[in-house]
Every structure is written in C-alpha cells, then in structure tokens.
Amino acid sequence: MGSYVSSRTFTREDRQRYRERVQRCLDALGTMLAEDSFSFPRQQMGLEIELNLVDDDCRPAMANAEVLEKIGDPSFTLELGQHNLEVNVPPRELAGDETLDLEKELCETLSSADDKAHDAGASIVMIGVLPTLRHEHFDRRWLSNSPRYGLLNDQIFAERGEETVLSMEGSPMAGSSTEKLLSYAESIVPEAACTSVQLHLQVAPDDFAAHWNAAQALAGVQVAIAANSPFLLGRALWHETRIPLFLQATDTRTVELKNQGVRPRVWFGERWITSIFDLFEENVRYFPALLPETGDEDPLDVLGAGGTPSLNELRLHNGTVWRWNRPVYDVVDGVPHLRVENRVLPAGPTVLDTMANAAFFYGAQRALTTLERPLWTQMSFHAAEENLYAGSRHGMGAQLYWPGIGWVPPDELVLRRLLPLAHEGLRACGVSDSARERYLGVIEARCLSRRTGSQWQRDTVSSLEARGASREVALGVMLARYVELMHGGEPVHTWPVGV
C-alpha cells in the first residue's frame, strides 16, 4: 500500500496531479508489455503471513511496536492494528524441496519470534479472525503508529462520510439458530481483525491472464477447505468471516452509492481478463485516489531513456484496491517482473496447514492454466464470485458450481477433480515428490475429515457451551487450546475437539 506516505492533507491540485501521473504510469506499463520488457528466469513464490498478538488471557495484546523491537528481524513488520504483525518470506523457487525448506524455516522463525514476544507479555497467534476481539478494540487509538495507517483511515472516512456498518448473518452451528451481527465502527481498525496469508507467484506477462483467471476460479474452493475465521464480536458468523468483514471495514461507499452499483474497493472483479493491463486499467478507471502522493519520477521519461520506471503512483493506487487476487508490478535490482498475489486465505492454523494450502493453490492453478479448453470459457465469472461467497459462508457445507460436475460440496470437488490436478500441476512446476505428497496429503485428509480450522473452532466452542460455559468463556478457553495446538504443529484435521 506504500511504505512511505506522508502525514498530511491532500489538495485538489494533488489529486489532479496524481491522476495525471497514474495515467502516465499506465501508459508506460502498456509500452513495457508491448515490448516484452519483463524478467522471468524461473518460477518463484513468495509468502506473507499476518499475525495476531494476545496476552496471557488470550485477549488482544496492543504491543506490536514493542514486540517488533524485541524480535529484531527485518522480515517482520507492523500491520494495521497494534495487535498485528506481518512476516514476509523472501522469494524463492517453487521447484525441488524448496517448500520443505521453507516450512522448516517458518517454524523456526515463528517459534523464535514467539519466544521474544513473551518478553513483551504477548504470544503470536496465526488465525483468520481473533475470536476474543471486542468492540472496544476497534477504536482508532489502536491503529499502529505509522502515518500511512492514520492517513488511510482519515481518507476512507472522508470519502464515506459516515461510520462503518458491520452487518452479517452467520452460518448456524450444529443444533443452534442463525446468529447475526449489527455493529458500527468509527475507524478502519475492524480491518485489522482480518489476518491472512498472501501467496505470490511470479509469472511471465503472456501467462498472467491465465494464472489470474485460474486463481479467481479457485478462490471459492480455497476458502471453503481452509476457512479459519468463524467468530467475530462474540457471534458465530461465516466460516470465513474475513471475507465480508474486510469488504465492510474498508468500504468507502454510502448506502446510496451501493444502490447505484458503485464498485467496492474490496473487489472480486467482474470479468475474466486477457492481460494484466486489464486489471490496472480498471483500477484507474473505477477508483478515485485514496492516497494521492506523487513522486518526482516521470515513468515515460525513464522508459524513453532506457531505464526501468518504478511506477510508484500506479503501485500505490493498486495497494488501495483490495482485489482477492491482485496484480503486482515490482522491480528488483532494476529488473521489472509481474506477480499474482492470492489474498483469499486466512492465517493458520499451523505452518503445515499453511504450506499445504499454498501447495494446493500453486498446483491446481498451474494445472488449470494448461487445460486444452480453459475453465473460464466454460464457467461464468459470476459463478466464480458466487463460489467465493458460498465457500466463505458455509465452509465444507457449501455447494459450489464447477463445469462438468454442476453443484458439488467443496470436499468432493477437491477429492474427485482438483486434487489430481494439483498433483499434476506441482509435478509440472518441478516440486519434489516428497513435498508434493506431504502437503497434498494434508489437503486430502482435511477433506476426508471435513475439519477445517473454522470447523474445529465451532465444534470446540459448542462442546464448551454444552458443558455450561458462556460464549465469552468458551471463546477464551478455545483460543488458549488453539494456541497450544498451533505451536504443536500437527495439522488441524488431527486436532481433538474439546478441552
């Protein structure tokens, strides 16, 4: 979203200058695509994991600045809320045993960081939505101490002109009625409740559209079999409550603008694409600037002089349109490249679950891009979007549409159709047999047991409530057990229900 944003107000002249500069960035990108200016020496993956901090009672620990200082590792950064951190994994090849090495490194990194967090009275938790959050944790004072977050908050609320409405109707727990949430917030801090895993894959320009289309088609399946965010403000809501919460927490639209069909900034999109340019062009055409900060570089002048433009304004704008599969333009050592950033997955429950989710995505995505008849020629874009919301709301209980099958539960779809494709795709990526079998074996066992992180949380809370615990007590006890099992490292489908 832009690491360096000044803390100031913006004038009409700032916005006009920014609009002109973004358009010049878009023109430069079009020229670079036409001239094939991008590097693609090998397929690389990257990973970002957003984390929560809790205290000894499993309540949010608003201590990320102190924890970050104690960790002392540049791969960790602040995130939006003071109870959040993010760890960024340096890019690496997907082939061979790289994923196995990454799993080991992640376990060691997170374990070390958690030990150091204890010195600040906090523990690290990988989970989609922290179930012990309360309304008072959404106050503006809990934004992280960074100018960009305060400025983003002010710009979103200036554009919206009224408080944020959080309104959801859940998927009922077994034997219970549907629970509903209607709450209000005067800051964007509810967005900080949405902690995700972001998967990056570097792709060649000519292959980008196929990879993005495949990622869109997979989004509903991904979230259904990996849901880990069932509770918010004490209510049992969607299996992946992150999806509607993120949309509502950052929505700049009034009710009237929604009724007019104005697009939300948390956006699935509205069509299959033929080029990465389609996505950046849509961003520029549909969304006004939230952070109209301009630099000194003229991208067309840089390109004309034989250099590589940073396209800073276009990248900053792209960071304020939260697509579930986002296009990324980046420059490393003066060489530009393109990535698909997959953003639908929640954090956790364990490192092994995270790596299994990543392997399934990379493998299935690769296989779908090589089908003789592309999937997106057999399936409407609207059906892919509906799959995302159905999978998010109902988890393994969803009914998803898939060409050639029709309506099918996600576990059956994965076991019958997508898991063989994922094996095929990982082989094509050069992933070792041991890594492929380890991670896709976790996905297979999870689908056979139908136990995601969300289902485990719901079942455990139901068990505690049946024994007389209140919802608040049950959530705290459940989360304490979750943290224990998370650090144990066994995948969530093996976790015993109850405490």
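Student: At which residue does helix α13 (residues 410-428) bend?
Tutor: We are looking at a predicted model, where local features need pLDDT of at least 70, side-chain atom pairs count only at pLDDT 80 or more, and totals for chains, interfaces and linings use all residues. Residues are numbered from 1 along each chain as its sequence is written, and side-chain values use heavy atoms, leaving out hydrogens and water. Helices (DSSP runs of H or I, at least four residues) and strands (runs of E, at least two) are numbered from the N terminus. In α13 the proline P420 follows within four residues of a bend of about 50° (the angle between axes fitted to the seven residues ending at a residue and the seven starting there), and that bend is at L418.

Student: Is L418 in α13 buried or exposed?
Tutor: Buried means under 20% relative accessible area, exposed means over 50%, and partly exposed is in between, using a 1.4 Å probe and protein chains only. The buried residues of α13 include P410, L413, V414 and L421. L418 is on that list too, so by the cut-off of under 20% it counts as buried.

Student: What covers the buried residues of α13?
Tutor: Try finding α13 in the structure and looking around it. Two strands are among the covering elements, β14 (400-402) and β15 (406-408). Helices take part as well, including α5 (205-226), α11 (351-369) and α14 (433-449).

Student: At what angle do the axes of α5 and α13 cross?
Tutor: Axes are lines fitted to C-alpha atoms, for helices over the stretch in contact, and angles run from 0 to 180 degrees between N-to-C directions. The crossing is left-handed, a term for a near helix turned anticlockwise from the far one by less than a right angle, with clockwise giving right-handed. The two axes come within 9 Å, and they cross at roughly 115°.

Student: Which residues of α13 meet α5?
Tutor: Contact means heavy atoms within 4.5 Å. From α5, the partners are L218, V221, A224 and I225. In α13 they meet P410, L413, V414 and L418.

Student: What is the angle at which helix α3 (residues 98-118) and α11 pack?
Tutor: Here α3 passes α11 in a right-handed crossing. T99, L102, E103, L106, C107 and L110 of α3 make the contact with V351, L352 and M355 of α11. The axes are 10 Å apart, and the angle is about 145°.

Student: How many bridges join β12 to strand β13 (residues 335-346)?
Tutor: Strand β12 (residues 325-332) is mostly covered, with 6 of its 8 residues buried. Two strands pair if DSSP finds at least two bridges between them, and one bridge here links V332 to V335 in β13. The two strands run antiparallel, and the number of bridges joining them is 8.

Student: Which residue takes a positive phi in the hairpin of β12 and β13?
Tutor: Look at the turn, where 2 residues lie between the strands. The phi value there is near 55°, and the residue is D333.

Student: Which residue does a cis peptide bond join to G348?
Tutor: Look in the loop between β13 and α11, where P349 has its place. Omega of the bond is about 0°, and the partner of G348 is P349.

Student: Why does L311 count as buried?
Tutor: L311 sits in the loop between α9 (299-304) and α10 (312-318). Its phi is near 55°, a positive value in a residue other than glycine. L311 counts as buried because its relative accessibility is 0%.

Student: What is the relative accessible area of C58?
Tutor: C58 lies in the loop between β1 (44-54) and α2 (64-71). This residue also has a positive phi, near 65°. C58 is buried, and its relative accessible area is 7%.

Student: Which residues does H493 touch, not counting residues up to four places away in sequence?
Tutor: H493 is found in the segment after α16 (471-488). It is buried, with a relative accessible area of 17%. The residues that H493 touches are V442, A445, R446, S449 and R451.

Student: How far apart in space are E93 and G46, C-alpha to C-alpha?
Tutor: E93 has its place in strand β3 (residues 84-93), and it is partly exposed at 34% relative accessible area. Leaving aside neighbours within four places in sequence, its contacts are R42, Q43, Q44, M45 and E98. E93 and G46 are 47 residues apart in sequence, and in space they are apart by 8.8 Å.
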